[in-house]
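The paragraphs below lead from the overall layout of a chain down to single residues. Please keep the sequence and the model open while reading.

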Amino acid sequence: MIKLYNTLTRKKQIFKPIKAKNAGMYTCGPTVYWHAHLGNLRTFIFEDILRRSLKYNGYKINQVMNITDIDDKIIKKAGAENKPISVVTKLYTKFFLNDIKKLNIEKAEAYPKATTHIKEMVAMIKILLQKKIAYKGEDGSIYFNISKFKNYGKLSGLKNREIKIGARIAADEYKKEDAQDFVLWKSKRPDEPSWPAPFGPGRPGWHIECSAMSKKYLGKTFDIHAGGVDLIFPHHENEIAQSEAANAKKFANYWIHGEHLLINNDKMSKSLKNIFTLRDIEEKGFNPLSYRYLVLTAHYRSKLNFTWESLQASQNALNNLSEFLKTKTDKHQKTNENKNIKIYEKKFLEAVNDDLNTPKAIALVWQIIKDNKLSNAAKKQLILNFDKVLGLNLNKIKPAKIQKIPLKIKQMADERELLRRNKQFIPADLLRKKIEQLGYTIEDTNYGHKITPARN
Ligand SMILES: [Zn+2]
């Protein structure tokens, strides 16, 4: 019996599937125009924990994750790089699949692409037009009239007035009758890709993609829809409106949302230069799974603060775990060992089934290691069994060697920082050159300097 917090009801609820021992899951996927950042990856890790926890409880999973391969940002990026859109989207889809593999995230059963499901989206928009829930704007684009869907706002709990404010912030340049309405189909524009449709050529809006593809792969009503909290409004609210208005059926039974990631207690933003990707982690010598470990130390519904120190601590913990698993196995069973094993198994399942309490599950692992009532063999067996949910790949992991920066270099860098702060830029620059001559590069970030060994 697994309990999950449902955003729709604002309660922890026992998960009851539509079909016994099966779980249909839709998780919003990446827009493939750049690398996924650590915040995106936290969401994908949480969804993987959800998936693995259900599997651990004996469920068969059917997970669908869309790949958004047509969108304003993609068009802009392809234009700026003077490359065909498909070249950009293929490249970043490849990076995305690589990232999730490195994080030991299990593959979804399907990764449908938006551009190969235009037919399904057009069909759904047609229904909404026939039902007069959608209308054609002055510019030829098709909009969803939210005043025609009385349950609008039920997921986010936003009152009408608040929605208006939210919608204005998100308002795009397309013309609509009411600021709250959102676009289903963007009419064709010169130099932009477009597809034919009975209501005029154009390209789909982002929200319709998830409604059409979830219907195709999971049916009109399915068990779980998950994503980051930032998607609750407007994206998920709009998905519900489109799907329930078109299908006249409930959309998803459980809505599970993962919280934000903070970087040094700040929100991620371009201006703060704190948008990190898995590459940044790897470049510093960390194993990508150290990030997964860090994510597991916080509950998915709490904010998690990322710092390089916390990542270092996670890497150390992971190294210690892998060291432990390599120790010799004693074969002597301890008294009451089977009983003690069962107690731990029960506690682990309770933690996981209590709305995916991974911090508690991780704490249990360390408790097991310290428990002298268990043999090494029993400890290892328990931990490797728990790893089916934790997904730290503990039977294969190798301790990462983190590049150590020599003390002398660190001192020189600190000295340079001090000079810079006192606006003594010439001697500071001389010191930087010296550091470079010794084979290290130094880079100034909002969080102080970053020293890395120069590449040969
Ligand atoms: Zn979506």
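Helices (H or I, at least four residues) and strands (E, at least two) are taken here as DSSP runs, numbered from the N terminus. This is a predicted model, in which local features need pLDDT of at least 70 and side-chain atom pairs count only at pLDDT 80 or more, while totals for chains, interfaces and linings use all residues. Residues are numbered from 1 along each chain as its sequence is written.

The chain has 15 helices and 14 strands, and its C-alpha trace spans about 70 × 70 × 40 Å along the principal axes. Domain bounds, which come from an automatic or database domain assignment, give domain 1 (3-258), domain 2 (275-390) and domain 3 (407-453). Of the 456 residues in the chain, 39% are buried, where a residue is buried if 20 or more other C-beta atoms lie within 10 Å of its own, exposed if 12 or fewer, and partly exposed in between, with C-beta atoms placed from the backbone. Two residues are in contact if their C-beta atoms, placed from the backbone, lie within 7 Å; among contacts between residues at least 6 apart in sequence, 73% join residues at least 24 apart.

Consider next how domain 1 and domain 2 meet. Their C-alpha centres lie 33 Å apart, and 23 residues of domain 1 are in contact with 22 residues of domain 2. On the side of domain 1 that touches domain 2, the elements that give two or more residues are E1, H1 and helix H3 (85-102), and the largest share of that side, 10 residues, comes from H1.

The core offers a second view of these two domains. A nonpolar core is a set of buried Ala, Val, Leu, Ile, Met, Phe, Trp, Tyr and Cys residues joined through C-beta atoms within 7 Å. The largest nonpolar core has 108 residues, of which Ile 125, Leu 128, Phe 144, Leu 184 and Ala 361 touch the most other members. Helix H1 (residues 38-56) provides the largest share of this core, 8 residues. Because domain 1 (3-258) and domain 2 (275-390) both give residues to the core, it lies between them. Leaving aside residues up to four places away in sequence, Phe 144 touches Leu 128, Ile 133, Ala 134, Asp 181, Phe 182, Leu 184, Ala 241 and Gln 242.

Two of those partners, Ala 241 and Gln 242, are among the buried residues of H7. Helix H7 (residues 232-247) is mostly covered, with 12 of its 16 residues buried. Pro 234, which has its place in helix H7, is joined to Phe 233 by a cis peptide bond whose omega is about 0 degrees. Beyond the helix, H7 is followed by Ala 248, whose phi is positive, near 55 degrees.

Thr 7 brings us back to the start of domain 1, in the loop between strand E1 (3-6) and strand E2 (11-14). Thr 7 counts as buried because it has 20 C-beta neighbours inside 10 Å. Although Thr 7 and Trp 255 are 248 residues apart in sequence, their C-alpha atoms are 5.3 Å apart in space. Residues up to four places away in sequence not being counted, Thr 7 touches Leu 155, Ile 232, Trp 255 and His 257. Arg 10 is also found in the loop between E1 and E2, but Arg 10 is exposed, with 8 other C-beta atoms within 10 Å. Arg 10 has a positive phi of about 55 degrees although it is not a glycine.

A further part of the picture is a helix pair. Two packed helices are described by the angle between their axes and the distance between the axes. Axes are lines fitted to C-alpha atoms, for helices over the stretch in contact, and angles run from 0 to 180 degrees between N-to-C directions. Helix H11 (residues 337-353) and helix H13 (residues 376-390) pack at an angle of about 20 degrees, with their axes 11 Å apart. This makes H11 roughly parallel to H13, a term for angles under 35 degrees, whereas those over 145 count as roughly antiparallel, 65 to 115 as roughly perpendicular and the rest as oblique. Their contact is made by Glu 337, Ile 341, Tyr 344, Phe 348 and Val 352 of H11 and by Ala 378, Leu 382, Phe 386 and Val 389 of H13. In the loop between H11 and helix H12 (358-370) is Leu 356, which has a positive phi of about 55 degrees although it is not a glycine. Leu 356 is buried, with 27 other C-beta atoms within 10 Å.
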